[in-house]
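This report describes selected features of one protein chain for a reader who has the sequence and coordinates at hand. It takes up strand and helix packing, charged pairs, cysteines, backbone angles and a surface patch in turn.

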Amino acid sequence: MTVMEYVRLGATGLKVSRICLGMMTYGSPAWRPWALDEAAAEPIVRQAVERGITFFDTADVYSQGASEKITGRLLAKLFGRRDYYVLATKVHGAMGGGPNDRGLSRKHILSGIDDSLRRLGTDHVDLYQIHRWDPETPIEETMEALHDVVRAGKARYIGASSMWTWQFAKAQHVAERHGWTRFVSMQPHYNLAYREEEREMLPYCLDSGVGVIPWSPLARGLLAGSRAAGTTRSRTDDFAKQLYGDDDLAVAEVVRKVAGDRGVPAAQVALAWLLHQDAVTAPIIGASKTGHIDDAVAAVDLRLSDDELAALAEPYRPHPVTGHS
């Protein structure tokens with residue numbers, strides 16, 4: 001059985017498991033038809049804990065807070081001690097109908113962290129991330145508010161998610177210039193079917209010591225074969241249709257071939273490819289079955305040859321940049 005690996009998140013001293021469990025799958029079917037309630041989520045999260053996963057990522061907007069509630073209750077139940085796991089959440093999306101119920105203003109960030117902590121049932125998160133860039137708020141206001149969140153002990157570190165590299169670099173420069181807390185992680189859209197982040201974001205993160213925790217590592221199921229299987233999520237996930245098209249089927253086919261030659265599931269190969277990339281700290285996986293956990297953990301031990309890595313990379317074709325909004 002695979003023994004989980006633990007690595008530092010970027011240049012920090014924080015150790016995280018090589019696989020991060022994304023908690024968006026758990027919440028309310030009223031939000032998304034594929035979302036699992038707490039009873040259905042528990043055996044999956046329990047499997048993750050038993051297989052050594054200690055890193056968990058959620059967001060306030062997932063099921064409009066229900067994901068955070070489920071995450072907080074299950075992790076407290078399964079770990080017992082708060083220090084045993086690394087908890088991440090995000091702020092930016094609309095949490096109400098008011099004009100200040102969204103974005104990255106000081107008002108929304110300070111309200112957002114308090115609301116998230118209440119739902120999570122804890123006094124701090126380990127990683128507080130901005131979910132997207134907010135063009136309507138000066139980045140100085142955002143970075144100072146995030147610094148105050150850290151100084152108040154409500155977050156140990158801060159991170160960011162999908163944006164242009166120039167925006168991320170600007171935020172880091174503003175923080176450094178003022179002596180505020182800098183981002184330690186970037187959560188980009190990155191997988192074998194979408195590699196535009198290799199042009200600027202990943203080299204920037206690698207050079208500056210920023211940890212990379214990609215979302216959608218299996219391309220919303222495309223690289224695992226679940227799209228062809230016609231799962232509930234594949235039938236109802238309109239966002240996936242915006243991200244991937246017919247040109248990406250060639251990539252999925254190579255993943256399937258390499259997996260077949262190895263005698264392992266396609267998901268293991270796609271995740272293993274990500275884990276071979278120097279900039280990547282921990283892919284954020286979604287899991288609706290305990291078997292998804294097993295595949296992700298097994299990918300940590302799967303060593304791909306140079307020929308396999310080249311074959312997997314070859315069919316990629318450039319994409320329009322997506323996932324920033």
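**A buried glycine and its contacts**

G22 is found in strand β3, which covers residues 20-22, and, in this predicted model, G22 counts as buried with a relative accessibility of 9%. Leaving aside its neighbours within four places in sequence, G22 is in contact with D57, I284, I285 and G286. By way of a longer span, G22 and V258 are separated by 236 residues in sequence and by 26 Å in space, C-alpha to C-alpha.

**Salt bridges**

D57, already named among the contacts of G22, also takes part in a salt bridge, its side chain meeting that of K90 at 2.6 Å, N to O. This pair links distant parts of the chain, for K90 belongs to strand β5 (residues 86-91) and D57 to strand β4 (residues 55-57), 33 residues apart. K90 is buried, with a relative accessible area of 0%, and D57 is likewise buried, at 3% relative accessibility.

How many salt bridges does a search of the whole structure find? The search gives 18 salt bridges. One of the pairs joins the side chains of K77 and E42, with an N to O distance of 2.8 Å; because K77 lies in helix α2 (residues 66-79) and E42 in helix α1 (residues 38-50), the pair ties together parts that are 35 residues apart in sequence. Here K77 is exposed, with a relative accessible area of 53%, whereas E42 counts as buried at 17% relative accessibility.

A further salt bridge is formed by E198 with R195, the closest N and O atoms being 3.0 Å apart. E198 is partly exposed, with a relative accessible area of 28%, while R195 counts as buried at 14%. Besides these pairs, E5, R18 and R303 are linked in a network of salt bridges. The three pairs described above are set out in the table.

| Pair | N to O distance | Relative accessible area |
|---|---|---|
| K77 and E42 | 2.8 Å | K77 53%, E42 17% |
| K90 and D57 | 2.6 Å | K90 0%, D57 3% |
| E198 and R195 | 3.0 Å | E198 28%, R195 14% |

**Helix α6 and the cysteines**

Which residues of helix α6 (residues 201-208) are buried? They are M201, L202 and C205. Seen down the axis of α6, these buried residues fall within an arc of 95 degrees, and therefore they line one face of the helix. In general, an α-helix has 3.6 residues a turn, so residues three or four places apart point the same way. The cover over the buried residues of α6 includes α5, β8 (183-187) and β9 (211-212). The helix α6 is followed by G209, whose phi is positive, near 75 degrees.

C205 has a relative accessibility of 0% and counts as buried, and C20 is buried too, with a relative accessible area of 0%. A search of the whole structure nevertheless finds zero disulfides. C20 is in no disulfide, and the nearest cysteine sulfur, that of C205, is 16 Å away. Why does C205 form no bond with its closest cysteine? The sulfur of C205 is 16 Å from the closest cysteine sulfur, in C20, and that is too far for a bond, since a disulfide calls for a pair of cysteine sulfur atoms within 2.5 Å.

**Backbone angles in two loops**

Most residues other than glycine have a negative phi, and against that background two loop residues deserve a look. H92, a residue other than glycine, has a positive phi, near 160 degrees, and H92 lies in the loop between β5 and α3 (106-120). S216, also a residue other than glycine, has a positive phi near 55 degrees. The place of S216 is in the loop between β9 and α7 (226-229), where S216 is buried with a relative accessible area of 10%.

**A nonpolar patch on the surface**

W164, W166 and V321 make a nonpolar surface patch of about 340 Å². Of these residues, W164 sits in the loop between β7 (155-161) and α5 (165-178), and, at 44% relative accessibility, W164 counts as partly exposed. Helix α5, which follows that loop, is also among the elements that cover the buried residues of α6.

Technical notes. Residues numbered from 1 in each chain as written. Predicted model: local features only at pLDDT ≥ 70, side-chain atom pairs only at ≥ 80, totals over all residues. Heavy atoms only, no water. Buried < 20%, exposed > 50% of the residue type's maximum accessible area, 1.4 Å probe, protein only. Patch = residues over 30% accessible without salt bridge, like charges linked within 9 Å, V, L, I, M, F, W, Y side chains within 5 Å. Areas by Shrake-Rupley, 256 points an atom, 1.4 Å probe, with all protein chains shown as cover. Salt bridge = Lys/Arg side-chain N within 4 Å of Asp/Glu carboxyl O. Helix = DSSP H or I, 4+ residues; strand = E, 2+ residues; numbered from the N terminus. Contact = heavy atoms within 4.5 Å. Arc of directions from axis to C-beta.
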